[in-house]
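Q: Please take a close look at a single residue of this protein and at the part of the fold around it. An account for a reader new to the structure would be welcome.

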Amino acid sequence: MGDDDYIYDEATGEWVPASQAAGPATDDDAVVVRDAVGNVLADGDQVTLIKDLTVKGAGQTLKRGTLIKSIRLTGDAQEIDCKFDGIKGLVLRAEFVRKRT
C-alpha cells in the first residue's frame, strides 16, 4: 500500500490519487468560443462584424465591417465582451463576428 493522498473527483464521482488529479482538469473546463466561420477566439483578438447590429439601450447601430478591438471572453460559448466608443458594457454574440487575422 502506498501513502498517496486521495482526492474526490466531482466530475467522475470517484476517489483518485492526488498525483493523477493534478493533471489537465482545467483544460476540460475551458469553454471554446468560435466565430461565425469557426475560428477559435481568444482574449485580446480583433473581430469584424458580419451584419448590422442595433444596440439596445444605446440608440445606435453598428454597421457590418465595424472593427472591434481587444475582445474578452465571458465564459459563455456564444458571448464576448468588448469595448466600443460611446457604448459601455457591450456584449456581442460570437455568431455575428469574424476573427480578423
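A: The following account turns to one aspartate, D45, after a short view of the whole protein. The model is a predicted one.

The protein contains two helices and twelve strands. Counted from the N terminus, these elements follow the order β-β-α-α-β-β-β-β-β-β-β-β-β-β. Of its 101 residues, 23% count as buried. The accessible surface amounts to about 7300 Å², and carbon and sulfur atoms hold 47% of that surface.

D45 lies in the loop that runs between β4 (40-41) and β5 (47-49). The residue counts as buried because its relative accessibility is 14%, and the cut-off for a buried residue is under 20%. Its side chain reaches the backbone nitrogen of A42 at a distance of 2.8 Å. When residues up to four places away in sequence are left out, D45 touches V40, I68, K69, S70, I71 and K99.

The strand that follows this loop, β5, belongs to an open sheet of three strands in the order β8-β5-β12, with antiparallel pairing. β8 (67-68) and β12 (97-99) stand at the edges with a single partner strand each, so one side of each has no neighbour in the sheet. Between β5 and β8, which run antiparallel, there are two bridges; T48 has L67 in β8 as its bridge partner.

As for the protein as a whole, 45% of the contacts with a separation of 6 or more are between residues 24 or more positions apart.

Definitions and conventions. Residues numbered from 1 in each chain as written. Predicted model: local features only at pLDDT ≥ 70, side-chain atom pairs only at ≥ 80, totals over all residues. Heavy atoms only, no water. Helix = DSSP H or I, 4+ residues; strand = E, 2+ residues; numbered from the N terminus. Buried < 20%, exposed > 50% of the residue type's maximum accessible area, 1.4 Å probe, protein only. Polar contact = N/O pair within 3.5 Å; in protein donor to acceptor, adjacent residues only side chain to side chain. Contact = heavy atoms within 4.5 Å. Areas by Shrake-Rupley, 256 points an atom, 1.4 Å probe, with all protein chains shown as cover. Pairing = 2+ DSSP bridges.
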